[in-house]
Amino acid sequence: MYNSETNDSTNSAQLNKKPFMRGNSPLAIGGVVLCVGSLLIGYTVGHRQGLSVVGYDADAQQLVDVVDKQKVAISAMNKSLNATVQERDVAVTNSNDLLEKLNSTKAEKDQYLSQALMYREILRLRGGLSLTVQNLAIKPLPENAFEYQIDLLQVSPAHRRVSGTVELRLISGTEVLTVPLEDNKYNFEDYARLTGRWTMPKGFNPQFIEVRLNGGTSVIRRFSWSRGKPVESSTSIISEIPQAEANAQ
């Protein structure tokens with residue numbers, strides 16, 4: 001009796017279970033599909049986010065490199081600017097110093113000219129000064145060349161001009177050489193300076209150098225010859241300097 005009831009209960013439970021599975025199978029399948037879809041969506045989104053993070057890191061590193069390069073360029077520009085400013089300051093200082101020296105030299109020159117004018121006027125009041133060779137300067141140059149500077153002076157009470165020619169001679173015993181002057185004419189009232197260059201003939205060693213003024217008044221002045229040390233450079237071409245010519249005494 002008991003076994004019969006038990007079997008009936010078991011059969012009844014199995015019959016009830018089969019209809020339940022048959023009725024809920026679509027729900028189970030949908031749940032599985034939903035789980036799989038969720039996994040796929042999560043993987044896709046995570047993969048894309050990972051790529052975005054990697055791309056962001058690469059862009060950030062590139063930006064850092066660009067900023068570093070700009071810093072280096074700005075530093076170099078600052079150094080160049082500082083150097084330029086220092087050079088400008090040095091140039092301005094040198095310019096100011098040169099301007100100050102120029103003004104000082106100009107003031108000294110004006111003072112000298114004023115004193116010279118005063119002295120000339122005093123000489124005129126005392127009868128004046130006849131034509132004379134005030135100074136003769138000879139400067140040795142390379143390749144046996146020489147430069148001359150002849151200063152002429154006169155003070156006329158009547159402010160008359162004096163004119164004529166200059167002759168420069170080199171004397172060694174009985175031998176005389178005439179120096180070819182670039183400009184041997186003078187015409188002035190108070191002061192004149194004649195300059196030029198010539199090349200000394202090889203083997204000629206003068207004892208004296210003589211200046212002759214030929215004009216309304218003849219003047220002859222002789223100086224002892226003493227040779228100084230030649231300068232190291234010359235601004236003119238030596239081949240263009242005229243040679244001295246021999247002349248009978």
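Colleague: In this predicted model, is E143 buried or exposed?
Modeller: E143 sits in the loop between strand 1 (129–141) and strand 2 (145–155). The cut-off for exposed is over 50% relative accessible area. E143 has a relative accessible area of 62%, so E143 is exposed.

Colleague: What is the phi of E143?
Modeller: Most residues other than glycine have a negative phi. E143 is not a glycine, yet its phi is positive. The value is near 60°.

Colleague: Which residue in the loop between strand 2 and strand 3 has a positive phi?
Modeller: That loop leads to strand 3 (162–172). The residue is not a glycine, and its phi is about 60°. At 41% relative accessibility it counts as partly exposed. The residue is H159.

Colleague: What is the order of elements in the chain?
Modeller: The secondary structure comes to one helix and nine strands. Helix 1 covers residues 2–125. From the N terminus on, the order is α-β-β-β-β-β-β-β-β-β.

Colleague: How many bridges pair strand 7 with strand 8?
Modeller: Strand 7 (residues 208–215) and strand 8 (residues 219–224) form a hairpin, with three residues between them. Their pairing is antiparallel. F208 stands opposite S224, and R212 has I220 as its bridge partner. The number of bridges is six.

Colleague: Which residue of strand 7 stands opposite L170?
Modeller: Strand 7 also pairs with strand 3. This pairing is antiparallel, over eight bridges. Opposite L170 stands I209.

Colleague: How many salt bridges does the whole structure hold?
Modeller: Side chains of opposite charge can pair when their charged atoms come close. The cut-off for a salt bridge is 4 Å from nitrogen to carboxyl oxygen. A search of the whole structure finds seven.

Colleague: How far apart in sequence are the parts tied together by E147 and R197?
Modeller: The side chains of E147 and R197 meet in a salt bridge, at 2.9 Å from N to O. E147 lies in strand 2 and R197 in strand 6 (residues 191–199), so the pair ties together parts that are apart in sequence by 50 residues.

Colleague: Is R197 buried or exposed?
Modeller: The cut-off for buried is under 20% relative accessible area. Its partner E147 counts as partly exposed, at 23% relative accessibility. R197 has a relative accessible area of 13%, so R197 is buried.

Colleague: Which residue is linked with E147 and R197 in a network of salt bridges?
Modeller: E147 and R197 form one salt bridge. The network of salt bridges holds a further name. That residue is K139.

Colleague: What is the N to O distance in the salt bridge of E210 and R222?
Modeller: The side chains of E210 and R222 meet in a salt bridge, at 3.0 Å from N to O. The pair links distant parts of the chain, with E210 in strand 7 and R222 in strand 8, twelve residues apart. E210 is buried at 4% relative accessible area, whereas R222 is partly exposed at 43%. The distance asked for is 3.0 Å.

Colleague: Which residue forms a salt bridge with E167?
Modeller: The closest N and O atoms of this pair are 2.8 Å apart. Both E167 and its partner are buried. The partner is R169.

Colleague: What separates the C-alpha atoms of L177 and P206?
Modeller: L177 lies in strand 4 (residues 175–179). At 4% relative accessibility, L177 counts as buried. L177 and P206 are 29 residues apart along the chain. Their C-alpha atoms are separated by 8.8 Å.

Colleague: What accessible area does the nonpolar surface patch with I122 have?
Modeller: I122 is in helix 1 and counts as partly exposed, at 33% relative accessibility. M118, Y119 and I122 form the patch. Together their accessible area is about 290 Å².

Colleague: What is the average pLDDT of the chain?
Modeller: Of the residues, 67% score at least 70. Over residues 1–6 pLDDT stays under 50, with zero contacts beyond four places in sequence. Residues 228–242 also stay under 50, with 28 such contacts. The chain average is 75.

Notes: Residues numbered from 1 in each chain as written. Predicted model: local features only at pLDDT ≥ 70, side-chain atom pairs only at ≥ 80, totals over all residues. Heavy atoms only, no water. Patch = residues over 30% accessible without salt bridge, like charges linked within 9 Å, V, L, I, M, F, W, Y side chains within 5 Å. Areas by Shrake-Rupley, 256 points an atom, 1.4 Å probe, with all protein chains shown as cover. Helix = DSSP H or I, 4+ residues; strand = E, 2+ residues; numbered from the N terminus. Buried < 20%, exposed > 50% of the residue type's maximum accessible area, 1.4 Å probe, protein only. Pairing = 2+ DSSP bridges. pLDDT = per-residue confidence, 0-100. Contact = heavy atoms within 4.5 Å.
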